[in-house]
Amino acid sequence: MVDDPVRRCVVCRTALEGERFSRTSFCSERCRKIDLGRWLNEEYRIREEGDAWAEQEEE
Ligand SMILES: [Zn+2]
């Protein structure tokens with residue numbers, strides 16, 4: 001948990017003030033998609049590193 005009382009968009013750090021942001025961590029649909037894209041990229045990256053490790057162990 002974060003001490004900052006102001007919730008912020010996890011992508012662009014815009015303050016999420018007001019009821020309309022009570023159920024979202026993003027200031028806009030655009031930022032939501034950006035964050036989703038980051039997650040997917042991270043997953044691919046980890047998977048690639050995992051494959052590299054597996055290949056090294058086989059040698
Ligand atoms: Zn944002």
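Okay, let's start with Arg13, which sits in the segment before α1. Keep in mind that this is a predicted model. What is going on with the phi of Arg13? Phi there is near 70 degrees, so to speak on the positive side, and Arg13 is a residue other than glycine. And is Arg13 buried or exposed? Arg13 counts as exposed, because it has 10 C-beta neighbours inside 10 Å, and exposed goes with 12 or fewer.

Now stay in that segment and go along to Ser28. Ser28 also lies before α1, and the helix itself covers 29-58. How many C-beta neighbours does Ser28 have inside 10 Å? The count is 13, so Ser28 is classed as partly exposed. There's a spatial link to look at here, too: Ser28 and Leu16 are twelve residues apart in sequence, and their C-alpha atoms are 9.9 Å apart in space.

Right, on to the helix. Arg38 has its place in α1. With 12 C-beta neighbours inside 10 Å, Arg38 counts as exposed. That number sits right on the cut-off, because exposed means 12 or fewer. If you look for Val11 on your screen, you'll find it 9.7 Å from Arg38, C-alpha to C-alpha, with the two positions 27 residues apart in sequence terms.

Okay, let's zoom out. What does the chain have in the way of helices and strands? One helix and zero strands. And how much of the chain is buried? Of the 59 residues, 2% count as buried. As for the residues we visited, Arg13 is exposed, Arg38 is exposed, and Ser28 is partly exposed.

Key:
Residues numbered from 1 in each chain as written. Predicted model: local features only at pLDDT ≥ 70, side-chain atom pairs only at ≥ 80, totals over all residues. Helix = DSSP H or I, 4+ residues; strand = E, 2+ residues; numbered from the N terminus. Buried ≥ 20, exposed ≤ 12 C-beta atoms within 10 Å, placed from the backbone.
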